[in-house]
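Biologist: Thanks for sitting down with me. Could we go through the cysteines, the charged pairs and the core in turn?

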Amino acid sequence: MEHLELAFKAIFIDNMVFAVFLGMCSYLAVSKKVATAVGLGAAVIFVLAITVPLNWLLDQYLLQPGALSWLGSEYADYDLGFLSFIMFIATIATMVQLVEIIVEKFSPSLYNSLGIFLPLIAVNCAILGGSLFMQSREIETLGLALNYGISSGIGWFLAILAIAAIREKIRYSNVPAPLRGLGITFIITGLMGIGFLSFGGMLTGGDEEEKPATEPTVQIEQVETEKEAKKLADNTKK
C-alpha cells in the first residue's frame, strides 16, 4: 500500500507539471505533436528511473550529516549537504550522456528519433526536481526511491501527452487570434491543473477517528449527582 500510495501521489496529486510546474520549457516546446511528446516522455521516465535511485544512494551514503560514518568514526561529523545540487546535476548530466552514447552505438535508428530529445532532458528541471523532492520528503528505501522516480516520470509523460493531443485537435478549432499558440496552451494547462487537483481528496478521507460519545454519559452522571444532593439537603432540613 505504501508503494501504491506513493505512485498515486507522484502521478496525479503531486504531478510535476500541474502541481509544481516543473519542466514547462520542454512541456511547451515539444508538445505540438503526439509522436514527439511520446518520445520525450519515455526518455524522461527512463532518466528519472535511473537518476532518482542513484541520487538517493548519494544522499544516504555521502551527502547527509553523518553519512560518511561508514568510512570510520573520524568522518561521522562531516556534512556534505552543500554539494547536493552539484552532485545531483552531475549525476543527471552523466546519465543523459551515457544513455545518448549507448543508444547511438547500439540503435542508430532510435538515436535519430530520440537524439533531439535527449539533450533537452539534461536541462529539464523536472529531472532535478525529482531528486530534490526525493531528498526533502526523506524517502526511506531504495525501492521507494525507484518507485518515486518512475511514477514522477509517468506523471510528466501523461501531462505532455495530454497537452500534445489537445494541441493537435485544437488546430481545427476557431481559437481567437490573440490566444493562438502559447496563449491557449497556458489556459488549457491551467484548466488541466485544476482538474488534477481534484485527485488530492482521494487519499485524505477517513483519517479523522470518531470520538466516543462520552459527553451524554457525563451529563447523566451530573444530573444524578445533583438529584442526590437535593435529596440530602431536604433530609437535612427535615
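Biologist: Let's start with a cysteine: is Cys125 buried, exposed or partly exposed?

Modeller: Happy to help, and please keep in mind that this is a predicted model. Buried would need under 20% relative accessible area, and exposed over 50%. Cys125 has 36% relative accessibility, so Cys125 counts as partly exposed.

Biologist: And how many disulfides are there?

Modeller: Two cysteine sulfur atoms must lie within 2.5 Å to count as a disulfide. The sulfur closest to that of Cys125 belongs to Cys25, and because the distance is 6.4 Å, the two are too far apart for a bond. Cys25 is in no disulfide, and at 68% relative accessibility Cys25 counts as exposed. The count of disulfides is therefore 0.

Biologist: On to the charges: how many salt bridges does a search of the whole structure find?

Modeller: Side chains of opposite charge can pair when their charged atoms come close. One such pair is Lys9 with Glu5, at 3.4 Å from N to O. Another is Arg137 with Asp14, whose closest N and O atoms are 3.8 Å apart. The search of the whole structure gives 2 salt bridges.

Biologist: What separation along helix α1 do Lys9 and Glu5 have?

Modeller: Both side chains are partly exposed, Lys9 at 32% and Glu5 at 35%. Helix α1 covers residues 2-13, and Lys9 and Glu5 are 4 residues apart in it, so their separation is about one helical turn.

Biologist: Then how many residues apart are Arg137 and Asp14?

Modeller: Arg137 is partly exposed at 38%, and Asp14 is partly exposed at 29%. The salt bridge between Arg137 and Asp14 has its closest N and O atoms 3.8 Å apart. This pair links distant parts of the chain: Arg137 sits in the loop between α7 and α8, Asp14 in the loop between α1 and α2, and they are 123 residues apart.

Biologist: Turning to the interior, which helix gives the largest share of the largest nonpolar core?

Modeller: In soluble globular proteins, nonpolar side chains tend to be buried together. Here the largest nonpolar core has 48 residues, with Tyr27, Leu40, Ile121, Tyr148 and Trp156 having the most contacts inside it. Helices that each supply at least two residues include α1, α4 and α8. The largest share of this core, 9 residues, comes from α3.

Biologist: Which asparagines does Trp156 contact, leaving aside neighbours within four places in sequence?

Modeller: Trp156 is among the core residues with the most contacts inside it. Its partners beyond those neighbours include Met16, Tyr27, Leu40 and Val44. The asparagines in contact with Trp156 are Asn15 and Asn124.

Key
Residues are numbered from 1 along each chain as its sequence is written. This is a predicted model: local features need pLDDT of at least 70, side-chain atom pairs count only at pLDDT 80 or more; totals for chains, interfaces and linings use all residues. Side-chain values use heavy atoms; hydrogens and water are left out. Buried means under 20% relative accessible area, exposed over 50%, partly exposed in between (1.4 Å probe, protein chains only). A salt bridge is a side-chain nitrogen of Lys or Arg within 4 Å of a carboxyl oxygen of Asp or Glu. A nonpolar core is a set of buried Ala, Val, Leu, Ile, Met, Phe, Trp, Tyr and Cys residues joined through side-chain atoms within 4.5 Å. Contact means heavy atoms within 4.5 Å.
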